Amino acid sequence: MANTDNQTLVIIAPLTGSTNPNTAPAQILEVTGQGEVTVPTTLTEVQLGIQVEGETATEVQEEVAQRSAAVVDVLQKLGAQELQTTSIQLNPVYSFEDNTQTLTGFEGLNTFQFELPTDQAGAAIDTAIKAGANLIQDISFTASDEALQQARLQVLSEAVKDAQAQAGAVFSTLQLTPGKIIDIDINSADNLSPSPLVFEALSKTSFAAADTTTPIIGSPQTIEASVSLDIAYSQNSAATLASGIDNLIGASKQALVIIDPLTGSTNPKTPQILEVTGKGKVSVPTTLTEVQLGIQVEGKTATEVQEEVAKRSTAVVDVLQKLGAQELQTTSIQLNPVYKYDKDGNQTLIGFKGLNTLQFELPTDRAGAAIDTAIQAGANLIQDISFTASDEALQQARLQVLSEAAKDAQAQAQAVFSTLQLTPGKIIDIDINSASNPSPSPLLFNLGADKAFAAGSTTPIIGGTQTIEASVSLDISYSPTQQVLSI
């Protein structure tokens, strides 16, 4: 314990608790900025299959080989890139009765993968199915390597700017002076591929007579990254919560405080800290509407169904493009058998059902008319509607909500310090917890028939709001309130 008889009077700045503020530990704000860039895709990757069933392995394998050779030949003539075999299978098929297994035949499957420019992919799929393919396992979209690399650099720049903007909002609210960036951490996310399109064509003749090429519109790829910055900061004269005391003594006044010469501090104990978290919440009006429309057709044969789906899909795409729909893309293509089941569980094929789904975005005040027009052109299913604010409005709200969270933290701290008669000191740590932008609840409904929208007024659509939330945590030093002696 220090000898109290040897204590010394020294002059220090009030509320700093130190004779040399330059030797104090650096005060750091840790902030993470997010970047997101959407890249238009130009290439489509397709996985096609040749599936055959028969009584003998030889019969099945011969048929698979013949069809596979024909499909490879047409794909090569069409200039398919990255063409490769991805699977070869030959398996027995059994039936089960009274717990007895009986071999009934064999099933063979060859799968090929290839890549083409998206504007050529629909015709290539149709041609390959005419040549013998009868299974489409996967469709996905990608941008070129050059476009992806450029987007990776752009998204890092956006993430840095976002981190700087968040830090600026907090520093301004808390009246802090930013200093050097003392640490940078780059967290690049992998390229997120759009959801693949998965559908099946049940027979070789499914596309054989279609006059209209299957329309395929590639969805974009989204590149994401985050950059974390550690930014030093210092207090402004008004940066503490003890502004009332500052006003009484003045910025130029100095105080007499008894300092222990052995410790160099008025309080040899561990610094006393208040940890407080403020919350902010901002609602943003939405101005854009995202819609998913479907073209669903049922019929007796796969050919009949696919021809009708292709014809209606082409018409719907045409009217949406004329209406100026943005982010127009294919999100689903399906062709499946329809069965009925008897009381013994036996299934009977009674027809086929096809579905193409398109997604687009328009200003909310134009979305209702666009939906009506698309349904008149052939769409008969509305799968999803959701609302969003513009990117600019969301970014402004993110900065506003951080400022509100910092103010809330300050208000909470002031209430506690005032009640406990404590003197606040420096803000020694700041932690920003930004929440993701949640989407409003989507509107979900289905249309059972074309006539549902055949006549009448424009469908009214009124957008909701998006709520942006964030929290800011502060560590604030404090000391017991004591009378300060002015010189």
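Select Tyr94 to begin: with a relative accessible area of 37%, this residue is partly exposed, a class that lies between buried (under 20% relative accessible area) and exposed (over 50%), judged with a 1.4 Å probe and protein chains only. Tyr94 belongs to strand β4, which covers residues 81-97; strands here are DSSP runs of E with at least two residues, helices are runs of H or I with at least four, and both are numbered from the N terminus. The model is a predicted one, in which local features need pLDDT of at least 70 and side-chain atom pairs count only at pLDDT 80 or more, while totals for chains, interfaces and linings use all residues. Residues are numbered from 1 along each chain as its sequence is written, and side-chain values use heavy atoms, with hydrogens and water left out.

Now add Phe96 and Leu103 to the selection, since together with Tyr94 these residues make a nonpolar surface patch of about 340 Å². Patches are built from residues with over 30% relative accessible area and no salt bridge, with nonpolar side chains (Val, Leu, Ile, Met, Phe, Trp, Tyr) joined within 5 Å and like charges within 9 Å. The accessible areas come from the Shrake-Rupley method with a 1.4 Å probe, and for residues only the protein chains shown count as cover.

Stay on strand β4 and move to Glu82, which lies in that strand. Glu82 has a positive phi of about 55 degrees although it is not a glycine. Most residues other than glycine have a negative phi. Glu82 is exposed, at a relative accessible area of 55%. A second stop of this kind is Glu327 in strand β12 (residues 326-341), where phi is again positive at about 55 degrees in a residue that is not a glycine; Glu327, at 44% relative accessibility, counts as partly exposed.

For a patch of charge, select Glu30, Asp183, Asp185 and Asp431, which gather on the surface as a patch of negative charge. In this count Asp and Glu are negative and Lys and Arg positive, with His and the chain ends not counted, and each charge is placed at CG of Asp, CD of Glu, NZ of Lys or CZ of Arg. Of these residues, Glu30 lies in strand β2 (residues 27-39) and counts as partly exposed at 45% relative accessibility.

Turn next to the salt bridges, of which the structure holds six; each is a side-chain nitrogen of Lys or Arg within 4 Å of a carboxyl oxygen of Asp or Glu. Select helix α1 (residues 57-77), where Glu63 and Arg67 both lie, four residues apart, about one turn of the helix. Their side chains meet in a salt bridge at 2.9 Å, N to O, and whereas Glu63 is partly exposed at a relative accessible area of 28%, Arg67 counts as buried at 17% relative accessibility. Further along α1, Asp73 and Lys77 are likewise four residues apart, and their side chains meet in a salt bridge at 3.2 Å, N to O. Asp73 counts as partly exposed at 34% relative accessibility, while Lys77 is exposed at a relative accessible area of 69%. An α-helix has 3.6 residues a turn, so residues three or four places apart point the same way.

Helix α5 (residues 302-322) holds Arg312 and Glu308, which, being four residues apart, are separated by about one helical turn. Arg312 forms a salt bridge with Glu308, their closest N and O atoms being 2.9 Å apart; Arg312 is buried, at a relative accessible area of 17%, and Glu308 is partly exposed, at 23%. Add Lys311 to the view, because Glu308, Lys311 and Arg312 are linked in a network of salt bridges.

Select helix α6 (residues 364-377), whose 14 residues reach 20 Å from first C-alpha to last, close to the 20 Å expected at 1.5 Å a residue; the expected span is 1.5 Å times one less than the number of residues. Buried residues in α6 include Thr364, Ala367, Gly368, Ile371 and Ile375. Just after the helix comes Gly378, with a positive phi near 140 degrees.

End at Thr465, found in strand β16 (residues 465-480) and partly exposed at a relative accessible area of 43%. Show the C-alpha atom of Thr286 as well: the C-alpha atoms of Thr465 and Thr286 are separated by 5.2 Å, although these residues are 179 residues apart along the chain.
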